[in-house]
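I am opening a notebook on a structure that is new to me, and I mean to go from the whole chain down to single residues. Each entry records what I looked up and what I found.

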Amino acid sequence: MALITYLVEDNEIVLENLMEALQEIASVQVTGHGATQAEACQWLSSHDGEWHLAIVDLFLKEGNGLGVLAGCRKREPYQKVVVLTNYATEEIRRRAADLGADAVFDKSSELDDLFAYCAEQTSREAEPENRQAQLSAVLRLRAAAAPAPHRTPSRG
């Protein structure tokens, strides 16, 4: 089972290399990507419950990854959000954790750690209790989004 993943990255070369490596190394299925905070937040919220992992860069074409993190605070427990940045300072790690990031990885020195994290999440996603939690969440979210049935007033 592949890990359904969304990438938030504005550098096309990094995006292409990351997509290829994730699919090859960690059984990740990249289902979408965005280069701005608005794109990412819109996609993640409109696919609420349907993704497993979001990998977020901090510096984007418009907005920033911290805003994306803030937008993901109400995600399901099986959904993970990690930061992948060239600026993985202690301050950034702390701010990301405060906004709900599950992990922070440095692009220049911690890619192997990111791939290992993804592989671990892929194996966890396949566990029956996690599959059931995802199915329940998706059904609940779809039911909440469905329009209420139209009722015709009774004549009597």
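The entries below follow the order in which I looked things up.

**Entry 1: the whole chain**

I note at the outset that this is a predicted model, and I keep that in mind for everything below. I looked up the elements and found 6 helices and 5 strands in the protein chain. Reading from the N terminus on, I wrote down their order as β-α-β-α-β-α-β-α-β-α-α. I then looked at burial, and of the 156 residues in the protein chain, 44% are buried. For contacts with a separation of 6 or more, I found that 70% join residues 24 or more positions apart.

**Entry 2: helix H2 and its two faces**

Which residues of helix H2 are buried? In this helix, which spans residues 37-46, I found Ala40, Trp43 and Leu44 to be buried. They lie on the same side of H2, because the arc they cover around the axis is only 95°. On the face turned away from that buried side I found the exposed residues Ala38 and Ser45.

I next asked what the buried residues of H2 pack against. The partners are three strands, E1 (3-8), E2 (28-34) and E3 (53-56), together with helix H3 (65-71).

I took Ala40 as an example from this helix, and its relative accessible area is 0%, so I list Ala40 as buried. Not counting residues up to four places away in sequence, Ala40 touches Tyr6, Val8 and Val68. With Val8 I also looked up the spacing: Ala40 and Val8 are 32 residues apart in sequence, while their C-alpha atoms are 6.3 Å apart in space.

**Entry 3: Thr31 in strand E2**

I moved to Thr31, which has its place in strand E2. Thr31 is partly exposed, with a relative accessible area of 35%. Leaving aside neighbours within four places in sequence, I found Thr31 in contact with Ile4, Thr5 and Trp43, and Trp43 is one of the buried residues of H2. From C-alpha to C-alpha, Thr31 and Leu7 are 8.4 Å apart in space, with their positions 24 residues apart in sequence.

In the loop between H1 and E2 I came upon Ser27. The phi of Ser27 is near 55°, which I recorded as a positive value in a residue other than glycine. Ser27 counts as partly exposed, at 43% relative accessibility.

**Entry 4: helices H1 and H5**

Two packed helices are described by the angle between their axes and the distance between the axes. I therefore looked up both values for helix H1 (residues 12-26) and helix H5 (residues 111-125), whose axes come within 9 Å and cross at roughly 50°. The two helices are therefore oblique to each other, and H1 passes H5 in a right-handed crossing. From H1 the contact is made by Leu18, Ala21, Leu22, Ile25 and Ala26, and from H5 by Leu114, Phe115, Cys118, Ala119 and Thr122.

I followed Ala119 of helix H5 further. Although Ala119 takes part in this contact, it counts as partly exposed at 35% relative accessibility. The C-alpha atoms of Ala119 and Leu3 are separated by 8.6 Å, and these two residues are 116 residues apart along the chain.

**Entry 5: Ala103 in strand E5**

Is Ala103 buried or exposed? Ala103 lies in strand E5 (residues 103-106), and at 17% relative accessibility it counts as buried, since the cut-off is under 20%. Leaving aside neighbours within four places in sequence, I found Ala103 in contact with Val81, Val82, Val83 and Tyr117. Between Ala103 and Leu114 the C-alpha to C-alpha distance is 8.8 Å, across 11 residues in sequence.

**Entry 6: the cysteines**

Last, I asked how many disulfides there are. With the rule that two cysteine sulfur atoms must be within 2.5 Å, the count comes to 0. For Cys72 I looked up the reason: the closest cysteine sulfur, in Cys41, is 6.4 Å from the sulfur of Cys72, which is too far for a bond. Cys72 is buried, with a relative accessible area of 5%. Cys118, listed above in the contact between H1 and H5, is buried too, with a relative accessible area of 0%.

Technical notes:
Residues are numbered from 1 along each chain as its sequence is written. This is a predicted model: local features need pLDDT of at least 70, side-chain atom pairs count only at pLDDT 80 or more; totals for chains, interfaces and linings use all residues. Side-chain values use heavy atoms; hydrogens and water are left out. Buried means under 20% relative accessible area, exposed over 50%, partly exposed in between (1.4 Å probe, protein chains only). Helices (H or I, at least four residues) and strands (E, at least two) are DSSP runs, numbered from the N terminus. The arc is that of the directions from the helix axis to the C-beta atoms. Contact means heavy atoms within 4.5 Å. Axes are lines fitted to C-alpha atoms, for helices over the stretch in contact, and angles run from 0 to 180 degrees between N-to-C directions. Angles under 35 degrees count as roughly parallel, over 145 as roughly antiparallel, 65 to 115 as roughly perpendicular and the rest as oblique. A crossing is left-handed if the near helix is turned anticlockwise from the far one by less than a right angle, and right-handed if clockwise.
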